[in-house]
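Hi,

Here is the structure I promised to pass on. Please have it open while you read, and my notes follow below.

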Amino acid sequence: MKKFVLAAAIASTLFLAGCSDKVDESTITNVVQTSQYEQPNLGITAETTPFAVKNLKITKVLLDTKTDYKAEVSYDLVANKSLEEFKSSMKALAAKPKMPATDTTTEAKTDDMSSALHTLKNNLAAEVMVVAFSAKYGDFKAGQTVDTVNENVSLKKVNDQWVKD
């Protein structure tokens with residue numbers, strides 16, 4: 001019986017620790033990374049993003065409630081890959097067309113046009129992202145700290161998850 005009570009106490013402690021409403025540096029790092037440096041609609045995901053948020057520090061908490069959080073933070077923006085590697089990965093991503101239609105009906109022709117437009121959009125987006133990152137950070141190399149960012153971050157709790165406000 002003592003073992004059961006002890007196991008239940010340990011399990012409830014671990015459960016409550018995992019459900020903490022407290023915002024910490026890890027939470028902010030994840031939110032900033034996904035909201036600012038990943039663009040899934042352009043093919044920039046956690047695997048393909050050229051940048052990672054590192055060494056995030058909360059310098060000043062401005063607001064801390066159950067549903068809202070604001071703080072001044074600083075972090076290093078570190079290149080995961082070089083500009084050339086990013087450019088190559090974006091070109092490879094843009095070159096992947098949607099599956100072409102297999103029949104010759106009007107619907108299939110529309111799908112072919114949609115596929116062509118999708119490929120064009122991906123090519124343009126890839127080029128824009130490469131040019132923008134190159135203009136802002138130069139010819140960065142993997143592992144290089146390209147910027148030290150100081151900013152105010154506002155988070156809101158939505159469906160039990162913190163998201164950028």
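Among contacts in the protein chain between residues at least 6 apart in sequence, what percentage join residues at least 24 apart? The figure is 67%. Please keep in mind that this is a predicted model, so every value here is computed from it.

Now for the overall layout. The protein chain holds 4 helices and 4 strands. Starting at the N terminus, their order is α-α-β-β-α-α-β-β. The chain has 165 residues, and 30% of them count as buried. Its accessible surface comes to about 10,700 Å², and carbon and sulfur atoms account for 58% of that area.

Next, the pair of strands β1 and β2. Strand β1 covers residues 51–64 and strand β2 covers residues 68–79. The two run antiparallel and are joined by 10 bridges. They form a hairpin, with 3 residues between the strands. If you would like a spot to look at in this pairing, find Val61, which stands opposite Ala71 in β2.

A little further along is Ser82, in the loop between β2 and α3, the helix at 83–94. Is Ser82 buried or exposed? Its relative accessible area is 12%, and buried means under 20%, so Ser82 counts as buried. As for its company, once neighbours within four places in sequence are left aside, Ser82 is in contact with Phe140, Lys141 and Ala142.

Happy to go through any of this with you over a coffee.

Best wishes

Notes:
Residues are numbered from 1 along each chain as its sequence is written. This is a predicted model: local features need pLDDT of at least 70, side-chain atom pairs count only at pLDDT 80 or more; totals for chains, interfaces and linings use all residues. Side-chain values use heavy atoms; hydrogens and water are left out. Buried means under 20% relative accessible area, exposed over 50%, partly exposed in between (1.4 Å probe, protein chains only). Contact means heavy atoms within 4.5 Å. Accessible areas come from the Shrake-Rupley method with a 1.4 Å probe; for residues, only the protein chains shown count as cover. Two strands pair if DSSP finds at least two bridges between them.
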